[in-house]
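This report is written for a reader who is meeting this structure for the first time. Please keep the sequence and the model in view while reading.

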Amino acid sequence: MSHTRASRLIAEGDVVIVFVSRDRTPTVLVVQRGEQLINMFGVFPHDDMIGRAYGSKMHSNNKKGFIYLLRPSPELWTISLPHRTQILYAPDMSFITMKLGLSPGACVFEAGTGSGSFTHFLARTVARGPSPDYERGQVAEVWRGEGLARTPGASDVQASEYGGRVYSFEFHAERVDKARKEFAAHGLDSIVVLDHRNVCKDGFGITNRADAVFLDLPAPWEAVPFAKEVLRQDISTRICCFSPCIEQVLRTVTSLSEHGFTDVTMYESLVRTHESLTNVAPLDSISQVVERIRQSEAKRESRRQMQIAHSRADRERRLAEQQGMQTSEPHAQAPCSDGSLKRKADATEEPAEAAPGTLAENEQDTAAEMLYSAGFRQKVERRPMTLANVYSRPYAQMRGHTSYLTFATLLPRST
């Protein structure tokens, strides 16, 4: 059931993440002979999963759908694990490990195991790399320690040559039992030391050991004095406190300052999602758009001048009628003059159609030809070939924060 098997093939007892689609939560599955996975696409026998490579695409028995069989990782486990408490997600976890300066071989203390999401991430960060004899073609997860048996309590752990370790503390007994079973099933019990302990009252039980401390507690300011004791004294160390509201941050910052921590900084991680779009037709250049606007304005001005001419001619005609002109010649010529003017204005309003076989100057680049295909006629514009435009558009709203992250540094204290 270990996540850390070096083989690239799925075996009985392995933990597999079943991925169906982006809009569905992945399913955690322990492969057992004779069992079946049933979902909207049909039946997926576990026996057919055994021997397949991680990352394989597996079709259902009725061939109506398929799933992907993925190797467990901290990122996949975070989005598929059973939630016992509020968990951290990738943006916060990545930022915390970077700001704490964690790397393989580091020793980190975590207070508030909760659902164990961040514990998995920390274990991979500080653990050793895979052994050199892992099967080629598939990189195994580095959630494995060597040469150490799991210790039931943090206070019993002795110093060793181990390349990295996570000490995790949880005050809720039921969460401790569930997390311990998961860590053992995932092969993390030689990396993660889990202890049932209220660090706000009883401390960590260890001194001068940690390279970094992470506090995910309702009242982290109560654990700050004990965190100072567990941090190493010979090097600069870091602490991070995870708090959901600003009032908790204020009390935590006060406690950090009182106990000698420096460089206190608070961050808030927000996620802005972008959507990748491709326009159906290629966009025109700026010069083309400007020229089109100029032509539209010129045509609008031409119509305005034509309306002015119509109005002036009509006004003159009515004025002549009111004066009672008796001669028939002017009356006979007036409509002719008005009609001539109207025909002239109409000629300026709309350009004459081009003669067959000829094209207007501004239409030479968009000539059309008639294509006959499959018994029907289709008009196709002949345009120069251009690449489609792909651009990114951010969503109008940003995802709300999970909590505030307060970091601080503790300088060396040894003489």
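## Two sheets, a helix and a surface patch

In strand E6, Tyr68 is the bridge partner of Phe19. The model is a predicted one, and this pair offers a starting point for walking through its sheets. Strand E1 (residues 15-19) and strand E6 (residues 66-70) run antiparallel and are joined by 3 bridges. Both strands belong to an open sheet of 4 strands, in the order E2-E1-E6-E5, in which the pairing is antiparallel. Strand E2 (27-30) and strand E5 (56-59) stand at the edges of this sheet, and because each has a single partner strand, one side of each is left without a neighbour in the sheet. From one strand to the next, the twist of this sheet averages 35 degrees.

A further open sheet is formed by 7 strands in the order E9-E8-E7-E10-E11-E17-E12, and its pairing is mixed. Its edge strands are strand E9 (192-196) and E12, each of which pairs on one side only. Neighbouring strands of this sheet are turned against each other by 15 degrees on average, with direction ignored.

The pairings around E10 and E11 show how this mixed sheet is put together, and they are set out below.

| Strand pair | Sense | Bridges | Residues opposite each other |
|---|---|---|---|
| E7 (residues 107-111) and E10 (residues 212-215) | parallel | 4 bridges | Ala111 and Leu215 |
| E10 and E11 (residues 237-243) | parallel | 4 bridges | Val213 and Ile239 |
| E11 and E17 (residues 404-410) | antiparallel | 7 bridges | Ser243 and Tyr404 |

Strand E10 deserves a closer look. Which way do the side chains of strand E10 point, and are they buried or exposed? Ala212 and Phe214 point one way from the strand, whereas Val213 and Leu215 point the other way, and all of them are buried. In a regular strand, side chains alternate between the two faces of the sheet. Strand E10 also takes part in a right-handed β-α-β unit, which it makes together with helix H7 (residues 224-230) and strand E11.

Among the helices, H4 can be described by its burial. Why can helix H4 (residues 117-126) be called largely enclosed by the rest of the structure? The reason is that 9 of its 10 residues are buried. The buried residues in H4 are Ser117, Phe118, Thr119, His120, Phe121, Leu122, Ala123, Thr125 and Val126. One of them, His120, lies 8.3 Å from Phe183 in space, C-alpha to C-alpha, although the two are 63 residues apart in sequence. Phe183 is part of helix H5 (residues 173-185), and with a relative accessibility of 2% Phe183 counts as buried as well, because the cut-off for that term is under 20%.

The last stop is on the surface. Ile246, Leu250 and Met266 form a nonpolar patch there, and together they have about 260 Å² of accessible area. Met266 is found in strand E12 (residues 262-268), which is one of the edge strands of the mixed sheet. Is Met266 buried, partly exposed or exposed? With a relative accessible area of 34%, Met266 is partly exposed, because this value falls between the limits of 20% for buried and 50% for exposed.

Notes
Residues are numbered from 1 along each chain as its sequence is written. This is a predicted model: local features need pLDDT of at least 70, side-chain atom pairs count only at pLDDT 80 or more; totals for chains, interfaces and linings use all residues. Side-chain values use heavy atoms; hydrogens and water are left out. Patches are made of residues with over 30% relative accessible area and no salt bridge: like charges are joined within 9 Å, nonpolar side chains (Val, Leu, Ile, Met, Phe, Trp, Tyr) within 5 Å. Accessible areas come from the Shrake-Rupley method with a 1.4 Å probe; for residues, only the protein chains shown count as cover. A salt bridge is a side-chain nitrogen of Lys or Arg within 4 Å of a carboxyl oxygen of Asp or Glu. Buried means under 20% relative accessible area, exposed over 50%, partly exposed in between (1.4 Å probe, protein chains only). Two strands pair if DSSP finds at least two bridges between them. A crossover is right-handed if, with the strands pointing away from the viewer, the path from the first strand over the helix to the second runs clockwise. Axes are lines fitted to C-alpha atoms, for helices over the stretch in contact, and angles run from 0 to 180 degrees between N-to-C directions.
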